[in-house]
Amino acid sequence: MKKKIAALAVSIALALSAVSCGKAEKSDENTIKIAYLPITHSLAVLEEAEELEEQSGTKVELVKYGSWSELLDALNSNRVDGASVLIELAMKSKQEGIGLKAVALGHHDGNVIVVSNDIETAADLKGKTFAIPHRQSSHNILLNDALATAGLTVDDLTVTELAPTEMPSALASGQIDGYCVAEPFGAMGVSLGAGKVLFSSEELWEDSLCCGLVLTDKFIDERPEDAKTFVEKYKSAGNALDKEKAKEVAKKYLSQSDEVLDISLRWISYNDLDITEETYNKLAEKVKEYGLSDNPPAYEDFVKNDF
Ligand code: ZN
């Protein structure tokens, strides 16, 4: 009898563990893992995560990273289903054979060239030191565009890659003379009094692309319905992000001061986040012109609009 009870206990335990395993797998299947950096450029995805769970029960697990290289590593190895990422980095990955699709923009405009207070024109950047977050970025393209207004190129100054968080203090200490980076780090330099805006992105490049929402081919192929819902809800979350809502989301995820956010959010918008062929092709031209890549992916291979 005792043996029977023991055997029964074991089988109940096994059954329970099978149930709990099943549950864990099920909740994973329903979760969409999205990587992001805590910047204003990723607010649409942060806003969407909450809305999607409320409306459809699909849970978005936001995975925060401290640098583009760490985020890209997770994206390229399918540890996440997608990311809000600098589009040039995703283009480079695609070019190297990683299965990714860009499905929407991260934002419109929203970048500035910040320079020290003694710099008055682009020509004054000659011989100076300028920081960008990564060679594969619209910040690098915008620097090239700014220099071109004065007939200069990147060969006329020192370009250095710095972590975004270090840029405002590097400008304040005189280690660099200017920078261009995802927000709110430009606004932070302005708010500190370390520098001023020399150009906003739209003055240099109309309808510029910067960050994109990127999904892995694996996720799109294995969960087409979830991918479709996710992209649709993402775009409506972007349309709903007015200045007030954007500030509310930014305060929750970015831990920045009101002053920095008020400056930064004046420069950016999140409505109509489709990636059009015209704007993408303009980006691809700039990528080639400024030497970021000789062979950027074609629109039809990299951008997916047909969900
Ligand atoms: Zn961006």
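This is a conversation about how some labels are earned in a predicted model.

Student: Let's start with Lys235. Why is Lys235 called buried?

Tutor: Its relative accessibility is 19%, and buried means under 20%. Lys235 therefore counts as buried.

Student: Where is Lys235 found, and what is in contact with it?

Tutor: Lys235 is part of helix α10, residues 224-240. Leaving aside neighbours within four places in sequence, Lys235 is in contact with Val103, Ala104, Asp274 and Asn305. As for Glu47, it stands 188 residues apart from Lys235 along the chain, with 11 Å separating the two C-alpha atoms.

Student: Now two loop residues. What makes Asn78 partly exposed?

Tutor: The relative accessible area of Asn78 is 39%. Partly exposed covers the range between under 20% and over 50%, so 39% puts Asn78 in that class. Asn78 sits in the loop between α3 (68-76) and β3 (82-86), and its phi is near 60°, a positive value in a residue other than glycine.

Student: And why does Asp207 count as partly exposed?

Tutor: Here the relative accessibility is 45%. Exposed would need over 50% and buried under 20%, so Asp207 is partly exposed. Asp207 lies in the loop between α8 (201-204) and β11 (211-216). Phi of Asp207 is positive, near 55°, in a residue other than glycine.

Student: Which peptide bond is cis, with omega near 20°?

Tutor: That is the bond from Glu183 to Pro184. Pro184 belongs to the loop between β9 (178-179) and α7 (185-192).

Student: Let's go inside. What makes up the largest nonpolar core?

Tutor: It has 103 residues, and those with the most contacts inside it are Leu43, Val85, Ile113 and Tyr280. Helix α2 (residues 43-56) gives the largest share of this core, 6 residues. The core also draws at least three residues from each of domain 1 (2-109 + 208-302) and domain 2 (112-204).

Student: What does Tyr280 touch?

Tutor: Not counting residues up to four places away in sequence, its partners include Met91, Leu209, Ile275 and Phe302.

Student: How many cavities of 30 Å³ or more does the structure hold, and what lines the largest cavity?

Tutor: There is 1 cavity of 30 Å³ or more, and about 30 Å³ of space lies in the largest cavity. Its lining consists of Glu88, Met91, Lys92, Gln95, Gln136, Val287, Ser293 and Pro296. Helix α4 (residues 87-95) supplies the largest share, 4 residues.

Student: How do the residues of that lining divide?

Tutor: They divide into 3 nonpolar, 3 polar and 2 charged.

Key
Residues numbered from 1 in each chain as written. Predicted model: local features only at pLDDT ≥ 70, side-chain atom pairs only at ≥ 80, totals over all residues. Heavy atoms only, no water. 1 Å grid on protein atoms, 1.4 Å probe; cavity = no way out; pocket = protein on both sides within 12 Å on 5 of 7 lines; lining within 4 Å. Points joined across faces, edges and corners; volume = space filled by probe spheres on them. Helix = DSSP H or I, 4+ residues; strand = E, 2+ residues; numbered from the N terminus. Nonpolar A, V, L, I, M, F, W, Y, C, P; charged D, E, K, R; others polar. Core = buried A, V, L, I, M, F, W, Y, C linked by side-chain atoms within 4.5 Å. Buried < 20%, exposed > 50% of the residue type's maximum accessible area, 1.4 Å probe, protein only. Domains from an automatic or database assignment. Contact = heavy atoms within 4.5 Å.
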